[in-house]
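Visitor: I have a structure to look at and little idea where to begin. Could you walk me through it?

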Amino acid sequence: HLTVTSLSAYGEDADRMEASATFSSHELKIQQGSLVGVAGGRISFSGSYMHAPADWQNGSVSVRIDGGDLPVKDFKFIPAAAPDLTGRVSTRVQFAADVVNSSVRPVRIDGHTAVRHLSSGGTELGSVDANISTKSQNLSFALQGDLRDSRFHGSAEVKLTQEAPVSGELSFDRISLGRSEE
């Protein structure tokens, strides 16, 4: 069992990280991992790295991350960009990749992120859902939501190849530009 306190990475802080890890000649496995205190909540994680004995440069990695009901305002980058923005974020992501000569090559990314009860300065803004999924060599993104009574949806697709061509679209059903009276 591993416990680390007072962590900081990519501008975000966590009070504590805990995980159970097992090692063998060909596998590193992390179970029951959690980050406590990041963005005012808790993020759970697990994963593994499988490789040939004595060869850490080639193998396969898989990771699962779950975070529920995290306050938007507690992410450190939010107050600088939108100081009055509030809401709740939930996310679930599964990631798998091949590691070839220490280079990570994604083979599967699947997940869902939901932002609920977005508001700014006491004005209700709405909600946003984002999905990501992998089918064969295609990574698909889907975005939809309702912000200030304006429905929108979008999608994009990226090929998981070296060329990585991208295509996408974003559509609004209607746009409400109503002004609030003070």
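Guide: Start with the surface. This is a predicted model. The accessible surface of the chain comes to about 11500 Å². Carbon and sulfur atoms account for 54% of that surface.

Visitor: What box do the C-alpha atoms of the chain fill?

Guide: Take the principal axes as the box edges. Along them, the C-alpha atoms fill roughly 65 × 40 × 20 Å.

Visitor: How many helices and strands does the chain have?

Guide: Count 1 helix and 11 strands. Then read the order from the N terminus. The run is β-β-β-β-β-α-β-β-β-β-β-β.

Visitor: What share of the residues counts as buried?

Guide: Buried means under 20% relative accessible area. Of the 182 residues in this chain, 26% meet that mark.

Visitor: How do I read exposure for a single residue, say L170?

Guide: Compare its relative accessibility with the cut-offs. Exposed means over 50%. L170 is at 53%, so L170 counts as exposed. Its place is strand β11, residues 166–172.

Visitor: Which residues form a nonpolar patch on the surface?

Guide: L170 is one of them, together with L143 and F172. Their accessible area adds up to about 280 Å².

Visitor: Where is V4, and is V4 buried, partly exposed or exposed?

Guide: V4 sits in strand β1, which covers residues 2–9. Partly exposed lies between the 20% and 50% cut-offs. V4 has 27% relative accessibility, so V4 is partly exposed.

Visitor: Which residues is V4 in contact with, beyond its neighbours within four places in sequence?

Guide: D15, R16 and M17. Take M17 as a case of sequence against space. V4 and M17 are 13 residues apart in sequence. Their C-alpha atoms are 5.2 Å apart.

Visitor: What about D69 and N101?

Guide: That pair is 32 residues apart in sequence. From C-alpha to C-alpha, D69 and N101 are 38 Å apart. D69 belongs to strand β5, residues 59–71. At 45% relative accessibility, D69 counts as partly exposed. Set aside residues up to four places away in sequence, and D69 touches R88, V89 and S90.

Visitor: Among contacts between residues at least 6 apart, what share joins residues at least 24 apart?

Guide: Here, 31% of those contacts do.

Visitor: Last topic: charge. How many positive and negative side chains are there?

Guide: The chain has 17 positive and 22 negative side chains. Now compare where the two sets are centred. The centres lie 3 Å apart.

Definitions and conventions
Residues are numbered from 1 along each chain as its sequence is written. This is a predicted model: local features need pLDDT of at least 70, side-chain atom pairs count only at pLDDT 80 or more; totals for chains, interfaces and linings use all residues. Side-chain values use heavy atoms; hydrogens and water are left out. Helices (H or I, at least four residues) and strands (E, at least two) are DSSP runs, numbered from the N terminus. Buried means under 20% relative accessible area, exposed over 50%, partly exposed in between (1.4 Å probe, protein chains only). Contact means heavy atoms within 4.5 Å. Accessible areas come from the Shrake-Rupley method with a 1.4 Å probe; for residues, only the protein chains shown count as cover. Lys and Arg count as positive and Asp and Glu as negative; His and the chain ends are not counted. The place of a charge is taken as NZ of Lys, CZ of Arg, CG of Asp or CD of Glu. Patches are made of residues with over 30% relative accessible area and no salt bridge: like charges are joined within 9 Å, nonpolar side chains (Val, Leu, Ile, Met, Phe, Trp, Tyr) within 5 Å. A salt bridge is a side-chain nitrogen of Lys or Arg within 4 Å of a carboxyl oxygen of Asp or Glu.
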